[in-house]
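Open the model in your viewer and keep the selection panel at hand. The tour goes stop by stop.

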Amino acid sequence: MPLDLKSTINLPKTAFPMKANLPQNEPKILARWEDMRLYDRIRELKAGAPAYVLHDGPPYANGPIHLGHALNKCLKDFVVKSKNMAGFDAPYIPGWDCHGLPIEIKVDHQLGGKKLQMKPLDVRLECRKYAQKYLDLQRVQFKRIGVLGRFDKPYSTMTPEYESVVLATFYKFFEDGFVYKGLRPVYWCMHDRTALAEAEVEYETHTSPTVFVRYRMQSDPRTIEIPRPSGAWTGHPPETNPLADVRITKNKPVYTIIWTTTPWTLPASMAVAFHPSEEYVALEAQDAIYIVAEKLAKSVAEKCGFPDATAIAHFPGKAMEHTWFYHPFLPWERRKILGVVADYLTMDTGTGVVHTAPSHGAEDFATGVRYQLDPTCDVDAAGIIHNGLPEYDGLKVLKANEPIIELLKTRGALLHSEKVEHQYPHCWRCHNPVIFRATEQWFISMETKSPPKQSLHGAPTAEMSFRTRALEEIKQVKWDPAWGEERISNMVETRPDWCISRQRVWGVPIAVFACNGCGKPLNDPAVNRRVVEVFAKSGADSWYTGATDALAVGAQCAGCGGTVFAKENDILDVWFESGCSYLVETASEQNYPWPSDLYLEGGDQYRGWFMSSLLCSLGAHGSAPYKGVVTPGWTLDEQGRAMSKSRGTDVDPVDIANRLGGEIVRLWVASVDFREDVVGSENLMQRTAETYRDIRNKLFRYVLSNLYDFDPARHAVPFEKLQAVDQYILQQACALSADVIRWYEEFAFHKIYQRVNHFVIVELSAFYVDVIKDRLYTFAPDSPGRRAAQTALWRIGEALVRLLAPIMSFTCDEVWQNLPKIETRGASVHMAKFPTAEDILGSASVPKEDPQQKSDWTTLLSIRDQVLKPLEEARAQNQIGKSLEARVKLTASDPLYGVLERHKDDLRYVFIVSQVTLEKGSGNGTGSLQVEVSRADGEKCERCWNYSTHVGEDPKYPTVCERCAPVLRQLEAGNDPETSNN
RNA sequence: GGAGCGGUUGGGCAUUUGGUUAAGCCCAGCGGACUUAUAAUCCGCUGUUCCCCUGACCGGGACUUGAGGGUUCAACUCCCUCCCGCUCCGCCA
């Protein structure tokens, strides 16, 4: 009777496809999550659990997502999902930053000239549409790569609720006395008569005149103190003052020489700046002495026409601080020029000395603040100079250059002039050169002491400035990587007062009324509260409708007692808005903790969101809004350079999701060490897809395909009754699980990736699975040996599907649906918890690790390697083909022998050979091992392909071995495999 | 200017809290087994130079973690100097 032996083998069987078809299947899984309201159901499930809040930093809603977004969101998703599975209630509310200049510019472009005729309200409406369009697009894209969160109710900075909290936060600063209005230089377009932000400035080549101008020293050189702290300026006895000596003996006037490309700023010149620590020289020319930087002395002397001048004194720039100079053309009574030091001076061009016009440069302005220089701006919105000498008064700044150069000549102050081509800021819209111009802006002071009613960690703060308090708060936060603390501390230490006003339309207005009488801003808490209420109802647009006009009625100006007010037009810096995000979130989510547990954003946010969130929260709430801050690196291309769309080296995560799968993007994110800059490329995505296939097929598909007849409730074998190798692999899985769970806590996702990959490839696929195939396929379906192997596979599958769910969210949910049904299981893997040791081992009484067993298997695996090698040689000599054709003879001495003896029944399976004999060798204690390979004894069993000397002993089945014959008898007896107890 | 990262075998990614022989995985390459995970799976080889051995292979030994120093009984790991590559933030009179 020809028996179809193959049909009696328990071959793997599964509907879980090898090919994932992720681009097609992921959208279906997403639809299922949506239908079942997965996010909400997790929230319901977690109600009452300890909270863990990762607060989302809002991306800017002005384009499709790029790989940096994907990295950011996937990392957050890993954190949130793993926290949920670790037992926390970890919500995730995504947010969007919707106001601000980039959108307004884009909309301006779209509107073209039309904008000029439009009311602000209508422009705002257009901007809103634009932002909403990209919010919607990004939302779809984030979901596409598997990010799970409250996407149906995200936060957005352009909702009435959000806008009202922003305004309330501003008022809090305002009422607490941190806000002031003051002058500050900004980019200014004379043609469009408007302030420009940095993003609105384009650099174009421009030809400027450059002038070398001498400023005569007014101070008596003998009063100048020359410090010699470190001996760097030795060569002069400490008691003498070289400059004074020179002056006295030579009786020549002393000048310094400045260099500038903007002669028109000279009327606003208030100071000359020297670098404090660079070396300066006094050059003696024919009729004067000139002070310039030593490093530039030679080129200056040549250009200015005294090439033979000799250096008669050396001193650091610091020596010139607090000296006085005459202005080159303004009389002494009208303008006194102060000698100052500034460390931003460079020694590569010019003279090493610059003139300082506080109203026409950011650095100049900062220097001006330090030395209390006059910041008055005599240039009006159209760029016309006022209050000047007749030679240039009433001229536009660029037109004033030539007359001023002439004036310098007449006064004998001009030493040299030429034309130079350089990159100069231009207006993005009209392409005319822009200038720096000091205008009135709103500021939050970094130096204002906090009112006594506020406290910081319970300690009185009356004496601490806002800056100091911020620095103190920074210390309370766990910065990861740790250098972040130093970085943000440096920034807070050195940052100027926060300029929070913008002369723009698309944002939250600085909703303040100004007195018509004296111009003083009205700061009336009652009025402020009324405005917030209107904003909360109708949004910030209400500042531009009539809805808020009457709110100051009845108020009185604190300055002049006036009762008529006008509305301010400036809007708030968008960083102020996004900095309020956690204030907004905690205002609406009552059960949210303060501070949040984690902020996670790129390193560019130290200056941005990390800083503004810190300052806003400090002002409104008295402390930082985060306990921890994690910073991923930047995304680089394969050459290790910043990804660039123009260079074509950018990787589009949505494109990857559509071609390879969102899961591949996620797995890539998990594969990189995100704390450093990360490399992404098509190549790496392809490789990640390979890893994905390994995990999908070698792990999940293999597990599922061997559980088709396994019902855990009936068939699971207790740990004690598993075979040694099953116990071993489960204990390995247990160790893996502990590592993985710990690494989730540390956000060390790349370690999880590596470790899981290793487990799947090396421990499972290349070893365990190979070893148990004989049992799985050839043993009777319900035999204890087969059920034991199935139990191990099942427990591994149950463990890994949970452990990987935060990362491989799609696939794990797919696997979840295919695992044997058990009653306690939720509808999605994302509702489950991480496995415990008990879950994996199936027993609470089994130790997580068995040192004896572990060391035995370490030994056995190393012996396995030593056996595989001679098997390969035998194969090369055509002695055997498959390893089952072999018989292995081991001669070992202790301690190896002891290990082998303990596991002698397992050896043939571990080596996958038909027979193993073991002999004790000489050399006790040396652990020597000899391996001999020969052809297996007996004949090949047609069923299980092992070789046996007992093939054919059962006359009914002449071609099978002693293991297979009873199985066949049983099967043929029609025993239901499910109830058989072979 | 401020902050920071990286340099491991043909390519990519790991590991190394200073200590047994540093190298595991993937890819590419070469060779093989199996056709019972089958549009799969598994196994072996694959750093350099030099030395010993040999007819040749095989085998054995030494060397090797950007360069050079230092600390140490011991350095891939810690420190210093440097080279190369890169990033973010700021500045450019």
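Is helix H24 largely enclosed by the rest of the structure or left exposed, and why? Select residues 784–804 to find out. Of the 21 residues of H24, 20 are buried, so the helix is largely enclosed by the rest of the structure. Keep in mind throughout that this is a predicted model.

Stay on H24 for its geometry. From first C-alpha to last, the helix reaches 30 Å. That is close to the 30 Å expected at 1.5 Å a residue.

**RNA strand B**

Next, select RNA strand B and the protein residues within 4 Å. There are 55 residues around the strand, and Thr346, Gly640, Ser765, Arg943 and Trp945 come nearest. Now colour the RNA by atom group. Sugar and phosphate make up 75% of the strand B atoms that come within 4 Å of the protein.

Colour the surrounding residues by class. The surface near RNA strand B holds 22 charged, 19 nonpolar and 14 polar residues.

Then show secondary structure. Helix H23 (749–778) is among the contributing elements, and its share of this surface, 13 residues, is the largest. At least two residues each also come from strand S6 (254–260), helix H13 (483–494), helix H20 (682–705) and helix H27 (851–876).

Zoom in on three contacts:

- Thr261: a side-chain N or O atom lies 3.2 Å from a sugar or linking oxygen of RNA strand B.
- Glu872: a side-chain N or O atom is 3.0 Å from a sugar or linking oxygen of the strand.
- Ala642: here a backbone N or O atom sits 3.3 Å from a phosphate oxygen of the strand.

**The second largest pocket**

Return to Thr261, and add Thr260, Thr262, Glu363 and Asp364. Of the 31 residues lining the second largest pocket, these five lie nearest its centre. The pocket has a volume of about 920 Å³. Elements giving two or more residues to its lining are S6, strand S13 (353–356), helix H10 (362–371), strand S14 (414–427) and strand S15 (435–444). Which of them gives the largest share? Strand S14 does, with 4 residues.

Colour this lining by class too. It divides into 15 nonpolar, 14 polar and 2 charged residues.

**Thr14**

Last stop: select Thr14, in the segment before helix H1 (22–35). Thr14 is partly exposed, with a relative accessible area of 29%. Now add Asn706. Thr14 and Asn706 are 692 residues apart along the chain, yet their C-alpha atoms are separated by 7.8 Å.

How values were computed: Residues numbered from 1 in each chain as written. Chains lettered and ligands numbered in written order. Predicted model: local features only at pLDDT ≥ 70, side-chain atom pairs only at ≥ 80, totals over all residues. Heavy atoms only, no water. Polar contact = N/O pair within 3.5 Å; in protein donor to acceptor, adjacent residues only side chain to side chain. Nonpolar A, V, L, I, M, F, W, Y, C, P; charged D, E, K, R; others polar. 1 Å grid on protein atoms, 1.4 Å probe; cavity = no way out; pocket = protein on both sides within 12 Å on 5 of 7 lines; lining within 4 Å. Points joined across faces, edges and corners; volume = space filled by probe spheres on them. Expected span 1.5 Å × (residues − 1). Buried < 20%, exposed > 50% of the residue type's maximum accessible area, 1.4 Å probe, protein only.
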